[in-house]
Amino acid sequence: MKKTYLVFLLSMLYFLTPSESFAQKKKKARQQKTSTVIKTAQTYIGTPYKYGGTSGSGIDCSGLMLRCFEKANYQLPRTAKEQSKFGKKVGNNSIKPGDIVFFKFKDKGKKWYHSGLVTSVNKGKANFIHASTSRGVVESDLTQEYYSKSIKGFRRVIK
C-alpha cells in the first residue's frame with residue numbers, strides 16, 4: 001500500500017511540475033541551430049578563398065553560408081545575391097548572431113555581392129565570419145569602415 005501511494009505521489013509531482021513553454025522550446029532550438037551554424041563557420045577559418053568553392057580546400061562567401069546553414073538543415077540558394085532575398089529582413093539595430101550580413105561593393109564600374117555570418121553582437125560592435133578574396137575565411141569587425149559603408153542588409157534564416 002505504501003509503495004503504491006508513493007508511486008502515485010511521484011507520478012503526480014511529475015505531471016504537476018511546470019514544463020518548458022512552447023516559446024522556451026523554440027528559443028532553445030534557435031540557440032542550438034545558431035550555435036551549429038557558427039561553430040561550422042569557425043571550422044572553415046583559414047580555408048583559402050576559391051570562387052565557386054564549397055569545400056574545405058577552397059570556398060567563397062556564399063559557399064560558406066551554404067555549408068554552415070546546411071549543417072542546421074537549411075537549404076540556401078547558391079549565390080550571395082540570391083541568398084540576400086532568403087529568410088526574413090532584419091534591421092541594423094536588431095541583428096543577432098546567426099544572421100547573414102550582405103554587402104554590395106562597387107569598383108571600377110563593377111558591382112559584386114558579398115556575404116558573411118554574424119557571430120557576435122555586443123554594445124554596438126559586431127563580428128562576422130566570411131570568405132575574403134585576399135585572406136580566405138576570417139572573422140572581421142563589422143563596424144570597420146570598409147565593411148560598414150557597404151552593408152546592403154541583414155537576413156535572419158533561423159527563426
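This passage describes two pockets and one helix pair in a predicted model. Local features require pLDDT of at least 70 and side-chain atom pairs count only at pLDDT 80 or more, whereas totals for chains, interfaces and linings use all residues. Residues are numbered from 1 along each chain as its sequence is written, and side-chain values use heavy atoms, without hydrogens and water.

The largest pocket (an open set of points on a 1 Å grid over the protein atoms alone, where a 1.4 Å probe fits, with protein on both sides within 12 Å along at least five of seven lines) encloses about 490 Å³ (the space filled by probe spheres set on the points). Its lining comprises 22 residues, of which Tyr49, Cys61, Trp112, Tyr113 and His114 are closest to the centre; lining residues have an atom within 4 Å of a point. Two or more lining residues come from each of α3 (61–70), α4 (80–83), β5 (110–122), β6 (125–132) and α5 (145–148), helices being DSSP runs of H or I of at least four residues and strands runs of E of at least two, numbered from the N terminus.

The second largest pocket has a volume of about 150 Å³. Among its lining residues are Asn92, Ile95, Lys125, Leu142 and Phe154. Here β6 and β8 (151–156) are the elements that supply two or more residues.

Helix α2 (residues 22–43) packs on α3 at about 135°, with the axes (lines fitted to C-alpha atoms over the stretch in contact) 8 Å apart. Angles run from 0 to 180 degrees between N-to-C directions. The two helices are therefore oblique (neither under 35 degrees, nor over 145, nor 65 to 115). In the contact (heavy atoms within 4.5 Å), Val37, Thr40 and Ala41 of α2 meet Leu64, Arg67, Cys68 and Phe69 of α3.
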